[in-house]
Amino acid sequence: MSGTVPRSEVLFIGGRSGVGKSTAAEALHDLLVAADVRHAVIEGDLLDLAHPAPHVEYPEAHLAERNLAAMWAAYRELGHHRLVYTNTVSVLEHEGLRRAMGDDPRMTAVLLRAADDVTSSRLARRAGGVVPEAQLAHSARTAGRLDSACGDRVTRIDTDAMAPADVARRLASLTGWFPA
């Protein structure tokens, strides 16, 4: 890699289980690839996926943030400066995640929302059948908590009637990453 790398930019996509975070990020990735926009996508829910859960057993370890810092440093070495980051609570923890990236990125934070029946249907499709009632209840509680705790720096997008490509186009419009 040579030359100066532009300031980092990050799009945080948060929302309850079944709202379409990963699907929207994949659709956005496809749009960015088609436009030849250099970027990386990190599925944040996987950065500390272990049992017992590190964020519960060792919250002081900040494992997700440490793993994000390591991964982002590697992408930066390769010249990337745009990151799409999905994680359920990223819209609540965006400041800590921004700091973990280590280079004061410009930030866009988006909370994807959907009604209970829509997320239930999406989760059932993903699971290939019936979703346990406890999981649906947890998803609904999370939706309420995220919506009430997000500040005004977070854009809300209701995905109920939107196809993934439509959500991706809306996300793309918020980032300003596409050439004019």
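This is a short talk about the fold of one protein chain and a few of its residues.

Okay, hi everyone. Before we start, keep in mind that what you see above is a predicted model. I'll go from the sheet to the helices, and then to some odd spots in the loops.

So, the sheet. How many strands are in it, and in what order do they come? There are five, and across the open sheet they run β2-β3-β1-β4-β5, with parallel pairing. If you look for the edges, you'll find β2, residues 40-43, and β5, residues 154-158, each of which has a partner on one side only. Going from one strand to the next, the sheet twists by 20° on average.

Let's zoom in on two of those pairings. Strand β1, residues 9-14, runs parallel to strand β4, residues 106-113, and six bridges link them. If you want a place to put your cursor, try Phe12, which sits opposite Ala109 of β4. Over at β2, the pairing with β3 is parallel too, this time with four bridges. There, Val41 is the residue facing Val84 in β3. And β2 has two faces worth telling apart: Ala40 and Ile42 are on the covered one, while Val41 and Glu43 are on the uncovered one.

Now, what lies across the sheet? One of the helices that does is α1, residues 21-34, which lies across β1, β2, β3 and β4. Its direction makes an angle of about 160° with β3, which is residues 82-86.

Next up, helix α3, and I like this one for teaching. Helix α3 covers residues 63-77, so count them if you like: that's 15 residues. From the first C-alpha to the last it spans 21 Å, close to the 21 Å you'd expect at 1.5 Å a residue. Which residues of α3 are buried? Ala64, Leu68, Trp72 and Arg76 are. Those four cover an arc of only 95° around the axis, so they end up on the same side of α3. Here's the background for that: an α-helix has 3.6 residues a turn, so residues three or four places apart point the same way. And what do the buried residues of α3 pack against? They pack against β2, β3 and α4. Flip to the other side of α3 and you meet Arg66 and Glu77, which are exposed. Right after the helix comes Gly79, with a positive phi near 95°.

Let's move to helix α4, residues 94-101, and pick out Arg98. Is Arg98 buried or exposed? Its relative accessibility is 15%, and because anything under 20% counts as buried, Arg98 is buried. So what does an arginine side chain do in there? The side chain of Arg98 makes a 2.9 Å polar contact with the side chain of Asp104, and it also reaches the backbone oxygen of Pro105, again at 2.9 Å. If we skip neighbours within four places in sequence, the contacts of Arg98 are Arg7, Phe12, Asp104, Pro105 and Met107. You'll recognise Phe12 there, the β1 residue that stands opposite Ala109.

Asp104 deserves its own moment. You'll find Asp104 in the loop between α4 and β4, and its relative accessible area of 48% makes it partly exposed. Asp104 isn't a glycine, yet its phi is positive, about 45°. Another residue like that is Asp36, also not a glycine, with a positive phi of about 55°. Asp36 is in the loop between α1 and β2. With a relative accessible area of 72%, Asp36 is exposed.

While we're in the loops, have a look at Pro52, which is in the one between β2 and α2. The peptide bond leading into it from His51 is cis, and its omega is near -5°.

Last stop: Ala115. Where is Ala115? It's in the loop between β4 and α5, with α5 being residues 116-127. At 29% relative accessibility, Ala115 is partly exposed. Leaving out neighbours within four places in sequence, Ala115 has Arg16 and Asp160 as its contacts. And if you'd like to try the distance tool, go from the C-alpha of Ala115 to the C-alpha of Ala27: they're 88 residues apart along the chain, with 21 Å between them.

That's my tour, thanks for listening.

Methods:
Residues are numbered from 1 along each chain as its sequence is written. This is a predicted model: local features need pLDDT of at least 70, side-chain atom pairs count only at pLDDT 80 or more; totals for chains, interfaces and linings use all residues. Side-chain values use heavy atoms; hydrogens and water are left out. Two strands pair if DSSP finds at least two bridges between them. Axes are lines fitted to C-alpha atoms, for helices over the stretch in contact, and angles run from 0 to 180 degrees between N-to-C directions. Contact means heavy atoms within 4.5 Å. Buried means under 20% relative accessible area, exposed over 50%, partly exposed in between (1.4 Å probe, protein chains only). A polar contact is a pair of N or O atoms within 3.5 Å; within protein, one must be able to donate a hydrogen and the other to accept it, and residues adjacent in sequence count only if both atoms are side-chain atoms. The expected span of a helix is 1.5 Å times one less than its number of residues. The arc is that of the directions from the helix axis to the C-beta atoms.
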